[in-house]
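Please go through the terms used for this protein and show how each one is justified. The structure comes first.

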Amino acid sequence: MIEQQITLLLIDDDPIFRLGLLTALNGFESFQVQDQAASPTEALEKLSTESFDIVIIEPEFSNSSFKGWRLCQQIKQKCPTQKICIVSGTQDVQQLSFVQNQGIEGYCPKGYAISQLVGILQQIAQGDTYWSSLFSETTTPSKFSRRPWFSRLRQSGIEQINCNLTPINQHLKNSQISIIDRLFWQGRKRELLTARWLIQQMLPVEVIAASEFPASADTLPSIEEEKGLVLLNTTPLAVPSLSGVVSDSSVFQNTLNKIQTNLNNKTEIPLEIDVLQTSKARILLTIILTQFQQLIEQLRYSEITLNQLPENLADLLNPLWQNASLTFLSKFFLANSAYTLDDLKDILEEDQQVIQEEILDKIPFLDELFAYLLFGTPLSIQGVNYRSESPESIEKAEKLLQNVMIRLANAVMIFILNNFSEQEIIKSQLYKDQLLSSREIAKFRNELSWQYRLNQYWETPKDIFEDRYRIYALDTQGIHSLFFYCPRQAQLKQLQGVPWLVTIILEIRDATAPRFRSVTGWLGEGLIYVLTQVIGRAIGLVGRGIIQGVGTTWQEARYGKNARQDK
């Protein structure tokens, strides 16, 4: 019997650190990362509405004047029983001593093995503290756990670059600057971003991270290996390319940030990932984003040219889908089931052709996305080519990347729903509470099946006829859909059967609807004329005659009565 899980709230403004810590801790059944916060304000809001066993916090917020030290104090003042563990690379002994006196339960330096952090959290959850043993080792500055000099140098360099980038971005936002000035500042910005990328490559940042997701299924780590992860020095998730410095870094980083916000389905179209708990959907999308970036890096390092890109880029996504499926299932299913890794590979091989034809081959704009990320190729928006560094290109690339991620995540869930939907370990760890019963799962799958048929026989032919593609993208509200224009005449000519008939129906409707509306309008106007000018006037004349007749009769009756009185 599994003991009650220890619920955690992660508070850190570094999304990469939160991602690594979340991924590492979710490998332990005794822990559940219930929520995350990137700022003190967001943390206080979550603490006011939810309860957590332990709050893990990094007090050094880089982008906020409100430091986490004060946040620790406020949390303890509002809820003295709330357990807090500081996980930080700070070397400020004075601040650490201060928060210890405020009642903070523990402190773990960044750089500890994940197994050590887990032991500390379990100790705190049981009501103990982790301060005395730590300070017995670090009472003197010479013994204090300090970050390496190259880490401090890296942080200093990045801060200087970011300070220089701020006024440059302000200059570029000014629409009245001359073309020459704009070109100068854009060049200066590219230089600084390139320098920042080089610093990130040569002097890696300290974060808590899980081991890299495997490039192939053969190198997939076991659950035991994941539980032996350490707090490594790694580079951030978003690694910019030299050919498209601004676009590459912005696209991946912005997408990662949006994954951490809201994943509610706002499209009114059922998606396979709707069955997942929000935290599990974030993990799945992050796995896919990480592996997609690794794919881009592998292509970049292979020095492939634009002309050498495969004709069918969807073939590159098939192994990515398989690896993402294996990684996701290994984390939440493999260790507690009768299946082996080889069993999962065999089932994947059986399903890969269907997934390739029904999902991967139908992902639009892959050639544009790969060319943009690898070579900084301009993107076309409504017939106008925008430079790769432009906000318009970055925004479109983000949406194309998010569409790929969401469709791949749907493909992973198709594989799970088709093969393991009734497994209790899958239901309990992955599904939303309202979808745990067999009946609700059957209803959900039937809704998906109906949507497949609707897409095949109506939505897809309609989109082809209207020269557009449906794109799934992320924003602060959740997943939404939008349409991108693209000529599809060749596909239109290849339609047969019911899809072809749908386009004929649409064309007939377009041809007849204006005339029908015109005839209906004319008939309506004629009917109004008859009712008002003919029948209405006739009724009015009749009414007037009746009134006149009544008036005459009344006058005659009155006159006759008066005459009789006179006599």
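Q: How many helices and strands does the protein have, and what makes a stretch count as one?
A: The protein has 19 helices and 11 strands. Helices are DSSP runs of H or I with at least four residues, strands are runs of E with at least two, and both are numbered from the N terminus. This is a predicted model, in which local features need pLDDT of at least 70, side-chain atom pairs count only at pLDDT 80 or more, and totals for chains, interfaces and linings use all residues. Residues are numbered from 1 along each chain as its sequence is written, and side-chain values use heavy atoms, with hydrogens and water left out.

Q: How do you know that strand 1 and strand 2 pair?
A: Two strands pair if DSSP finds at least two bridges between them. Strand 1 (residues 6-11) and strand 2 have 6 bridges, in the parallel sense, so the criterion of at least two is met. In strand 2, Asp35 is the bridge partner of Leu9, and Gln32 is that of Thr7.

Q: What makes strand 1 and strand 3 a pair?
A: They share 4 parallel bridges, and Leu8 stands opposite Ile54 in strand 3.

Q: Why is one side of strand 2 and of strand 5 left without a neighbour in the sheet?
A: The open sheet has 5 strands in the order 2-1-3-4-5, with parallel pairing. Strand 2 (31-37) and strand 5 (106-109) stand at the edges and each has a single partner strand, so one side of each lacks a neighbour in the sheet. From one strand to the next, the twist averages 25°.

Q: What makes helix 3 count as packed on the sheet, and at what angle to strand 4?
A: Helix 3 (residues 68-78) touches strand 1, strand 3 (54-57) and strand 4 (83-88), where contact means heavy atoms within 4.5 Å. Its direction makes about 170° with that of strand 4; angles run from 0 to 180 degrees between N-to-C directions, with axes fitted to C-alpha atoms, for helices over the stretch in contact. Helix 5 (residues 114-125) lies across strand 1, strand 2, strand 3, strand 4 and strand 5 and runs at about 160° to strand 4.

Q: Why is strand 1 called largely enclosed?
A: Buried means under 20% relative accessible area (exposed is over 50%, partly exposed in between; 1.4 Å probe, protein chains only). Of the 6 residues of strand 1, 6 are buried, so strand 1 is largely enclosed by the rest of the structure. Ile6, Leu8 and Leu10 point one way, Thr7, Leu9 and Ile11 the other way, and all are buried. Of the 567 residues of the protein, 47% count as buried.
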